[in-house]
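Please take me through this model in the viewer, one selection at a time, and tell me what is to be found at each stop.

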Amino acid sequence: MIPREAPPLGSATILSQRWSEVSFLHWRVDPSLVEPHMPAGCRPDVFDGSSWVGIIAFQMSKSSFFGGPSIPWLGDFPEVNVRLYSIDEQGRRGVVFVSLEASHLIPVLMARAAFGLPYQWASMKIGQRDGKVAYKTRRHGQPDAASHIIVQPTDDPAASVALAADPLATFLTARWAFHETHRGATIYCRNHHEPWPLQPATLLHLDDGLLAVAGFEGLADRAPDSVLYASEVRTVFAAAENNKQRERVWQARLRAV
């Protein structure tokens, strides 16, 4: 059972951000389709026998490091990622990013170096009009890796209350960490934020090549099985840990007994 509220980080915050205008598009798939993308020591997490492939589009802003002031240009840009759902040998749940599109090159290079995340430099736009939210992205040097998404959130308080108690919505959105392969090891990086203020949403337009480039050919040809929206959360990240670090911690605890 995935908690809707994030557990405490358990260590110092190294990064904080605001995520806003967040759209979640998800497709139900057989777990065997995502298994090859799992880092060592992880397997696909499933809900009702299925795994899920998601496209998550949002605006990132107010990024700051180690409690310092926000960095307006460096940490303020749209992002669109393709992600999967993982569980490791310790039973820790997370997400696995297959790709992450961002419009600023320096954060792309920093995220690759610090976490091994597969960030890609792209030309991106996000806009709102008449209650609709639109996202456009096209990867530099790889024009097939592009996406155009338009969603319309539904302002229905009763439906939002129902989503807060919906186990599938919680499974898809309340993911408090990511798994990633970095420098030959699987790392686990935790984050914390308030529960998502989820709203149902309608997908008005999708012209997507990111899923196919990520290895999920044909998936965007059918309608997603879940479309959700959230206006804003503020999130913080702890330093990543890997399996070797975890093993050393437990060895030290055993020696102290």
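**Strand pairings**

Begin by selecting strand 8 (residues 142–153) together with strand 11 (residues 198–208), which pair in the antiparallel sense over seven bridges; bear in mind throughout that this is a predicted model. Within this pairing, pick out Val 151, which stands opposite Leu 203 in strand 11. Keep strand 11 selected and add strand 12 (residues 226–238), since the two also pair in the antiparallel sense, here over three bridges. To locate this second pairing, select Gln 199, which stands opposite Tyr 229 in strand 12.

**Helix 2**

Next, select helix 2 (residues 105–115) and show the side chains of its buried residues, Pro 107, Val 108, Ala 111 and Phe 115. Viewed down the helix axis, these buried residues fall within an arc of 105°, so they line one face of helix 2. Now add the strands against which the buried residues of helix 2 pack, namely strand 1 (13–29), strand 4 (77–88), strand 5 (93–102), strand 6 (119–129), strand 9 (177–182) and strand 10 (185–193). Just after helix 2, stop at Gly 116, whose phi is positive, near 75°.

**Cysteines**

Finally, turn to the cysteines, for which a search of the whole structure finds zero disulfides. Select Cys 42, which is in no disulfide and whose nearest cysteine sulfur, that of Cys 189, is 13 Å away. That distance is too far for a bond. Cys 42 counts as buried, at 9% relative accessibility, and Cys 189 is also buried, with a relative accessible area of 0%.

Methods: Residues are numbered from 1 along each chain as its sequence is written. This is a predicted model: local features need pLDDT of at least 70, side-chain atom pairs count only at pLDDT 80 or more; totals for chains, interfaces and linings use all residues. Side-chain values use heavy atoms; hydrogens and water are left out. Buried means under 20% relative accessible area, exposed over 50%, partly exposed in between (1.4 Å probe, protein chains only). Helices (H or I, at least four residues) and strands (E, at least two) are DSSP runs, numbered from the N terminus. The arc is that of the directions from the helix axis to the C-beta atoms. Contact means heavy atoms within 4.5 Å. Two strands pair if DSSP finds at least two bridges between them. A disulfide is a pair of cysteine sulfur atoms within 2.5 Å.
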